[in-house]
Amino acid sequence: MSTIIEPFRIKMTEPLKIISKDERIEALKRAYNNVFLLDAEDCCIDLLTDSGTGAMSTQQWAALMLGDESYAGSKSWKKFESVVKQITGIKHIFPVHQGRAAESILAQTIVNKGDVIPNNSHFDTTRANMEYAGAHAIDLLCDKGLNTTLEAPFKGDMDIENLKKCIADNSVEKIPFCMITVTNNTGGGQPVSMNNIREIKGVLKKYGIPLVIDACRFAENAYFIKKHEQGYQDLSLLEIAQEMFSYADAATMSCKKDGLANIGGFLICNNDQWAEKFRNMLILREGFPTYGGLAGRDLEVIAVGLMEALEYDYQVYRHATVEYLGRSLIDKGVPIVRPIGGHAVFLDAKQFLPNIPPIQYPGIGLVNALYLEGGVRSVELGTVMFGRFDEQGNELPSPLELVRLAIPRRVYTQSHFDYLIETIDAVWEKKDSIPGYKITYQPSFLRHFTCQLEALE
Ligand code: F0G
């Protein structure tokens, strides 16, 4: 059979209601035109994030009941540690409540003021944590990664020449580590090749700079490597993941993505001195090192989820759903980032709404139009999210203006996708009537979460 089916059947359901268009207009007004401030029950298809929004399997629910809630050295911790070690081969393992807790501990213990942290593209919380510690977070994405129409297999790769230049331009002591984000969320969910990870490691090794993998979507990245990179077709996703981590000195992980869990994460490293610092900060911020901000039942769920994310049939289905959405949009002429990413389809708001200048936030225009049209919640990854200013305080446009439709794992069926495609198509038909926006209130960090906006006439 050529039809790819969900490798599961549904045992429990959650009601979903669609509120009327008038109610959506009122809801968006109450949310100051910022979809982060909407009530979730006012959203029909919620694609705000693929983080912590997935459905757990029967195995995970069963494992949850085995949670050992002992404060120290629980059985659940042992299982968690053993699975993370099996996948990563890394020595010291610290559970944390989610990815940004790992980033924060890393930044607070290792980063000094004036340091430089290279990455292919920093995710917003990663950037904020590095900058909060006084560092410059630098994105060294390869040129093809910025071209949203180019069909190329590994557009999440880091530019190796720019990495060398970055090291040459800054003294090595100013670069406490280099990061690589797999897959590259902010650059369109594009994967990073094994070859690139190996090359990065090769460059860093010469200078003794550690490599830290932001591993949130490591299993989806492993699937792309198996599919598109020569020499990996016959390896299992676990073997591919093991090779990826073999180049890393440390990693931050949000198990809300490829841990198939609703909460959780970890910070891991090989270096004993780093581990000592992480442990002390973990106790201060998260909890005792064998639970680190998680319940024993969460550790159980993650131990099962990490291995399920590496199941080949699961990844085939996962990628097929994202492809289905992406292909349907391409067929209708809707501009999306090519090729289709791992966890999301990214609409190109710059091409979708060419008449709205970046400083009037075309991404927000599109996000709000999708909500008003069908109750679909998406997220802007553009000038509002990356909010950067020059020394005079003038706002700088983001190089990419994207709207992300992030697909929760194992949650929506094909008819949900068909409804979504119909909604996007309807917005595409009326694109000329979509307004730009201005910000009327913003906080000083991570402004997209809480800023308030007003439509321009
Ligand atoms: N790194 C990447 C690449 C991420 O995508 C995220 C989260 C984090 C780090 C932080 O993890 O949320 O567990 O603290 N991304 C979510 C998203 C929020 O919607 O893309 P966290």
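A pocket, in this talk, is an open set of grid points with protein on both sides within 12 Å along at least five of seven lines. Hold on to that, and look at the structure. It is a predicted model.

Let's start with the pocket itself. The largest pocket holds about 1500 Å³ of space. Its lining is made of 38 residues. Closest to the centre of that pocket are Met12, Glu14, Ala55, Arg410 and Val411. Two elements give two or more residues to this lining: helix 2 (58-64) and helix 12 (312-331). Which of the elements gives the largest share? Helix 12 does, with three residues. By class, the lining of the largest pocket has 18 nonpolar, nine polar and 11 charged residues.

Stay with Arg410 for a moment. You just met Arg410 close to the centre of the largest pocket. Find Arg410 in the loop between strand 14 (402-406) and helix 16 (414-429). Its backbone deserves a look. The phi of Arg410 is positive, near 60°, and Arg410 is not a glycine. Is Arg410 buried or exposed? Its relative accessibility is 14%, so Arg410 counts as buried. The cut-off for buried is under 20%.

Next, the cavities. A probe the size of a water molecule, rolled over the atoms, shows where empty space is left. How many cavities of 30 Å³ or more does a search of the whole structure find? It finds three. The largest cavity has a volume of about 100 Å³. Lining the largest cavity are 13 residues. Nearest its centre lie Asn34, Val35, Phe36, Ile364 and Glu380. Helix 14 (362-374) and strand 11 (379-381) are the elements that give two or more residues to this lining. The largest share, three residues, comes from helix 14. The classes here are eight nonpolar, four polar and one charged.

Now two residues by these elements. Take Tyr361, in the loop between helix 13 (349-352) and helix 14. Tyr361 has a positive phi, about 55°, although it is not a glycine. Tyr361 counts as buried because its relative accessibility is 3%. Then go to strand 11, where you find Leu381. Leu381 is also buried, at 2% relative accessibility. Pick out Leu453 as well. Leu381 and Leu453 are 72 residues apart in sequence, and their C-alpha atoms are 16 Å apart in space.

On to strand 5. In a regular strand, side chains alternate between the two faces of the sheet. Strand 5 covers residues 178-181, and both of its faces are covered. On one side sit Cys178 and Ile180, on the other Met179 and Thr181, and all are buried. What joins strand 5 to strand 6 (residues 211-214)? Four bridges do, and the two strands run parallel. One pairing to find on screen: Cys178 has Leu211 as its bridge partner in strand 6. Between the two strands, the chain passes through helix 7 (residues 194-207). This β-α-β crossover is right-handed.

Just past strand 5, check the peptide bonds. Val182 and Thr183 are joined by a cis peptide bond, with omega about -20°. Thr183 lies in the loop between strand 5 and helix 7. There is a cis bond from Arg338 to Pro339 too, with omega near -15°. Pro339 sits in the loop between helix 12 and strand 9 (344-348). You heard about helix 12 before, in the lining of the largest pocket.

Last topic: cysteines. A disulfide is a covalent bond between the sulfur atoms of two cysteines. How many disulfides does the count come to? Zero. Why is Cys216 not bonded to Cys255? Cys255 has the closest cysteine sulfur, but that sulfur is 8.8 Å from the sulfur of Cys216, so it is too far for a bond. The cut-off here is 2.5 Å. Cys269 is in no disulfide either. Its nearest cysteine sulfur, again in Cys255, is 16 Å away.

Where are these cysteines? Cys216 is in the loop between strand 6 and helix 8 (218-228). Cys216 counts as buried because its relative accessibility is 11%. Cys269 is buried, with a relative accessible area of 0%. One more distance before we stop. Cys216 and Ile45 are 171 residues apart in sequence and 23 Å apart in space, C-alpha to C-alpha.

Notes
Residues numbered from 1 in each chain as written. Predicted model: local features only at pLDDT ≥ 70, side-chain atom pairs only at ≥ 80, totals over all residues. Heavy atoms only, no water. 1 Å grid on protein atoms, 1.4 Å probe; cavity = no way out; pocket = protein on both sides within 12 Å on 5 of 7 lines; lining within 4 Å. Points joined across faces, edges and corners; volume = space filled by probe spheres on them. Nonpolar A, V, L, I, M, F, W, Y, C, P; charged D, E, K, R; others polar. Buried < 20%, exposed > 50% of the residue type's maximum accessible area, 1.4 Å probe, protein only. Pairing = 2+ DSSP bridges. Right-handed = clockwise from strand over helix to strand, strands pointing away.
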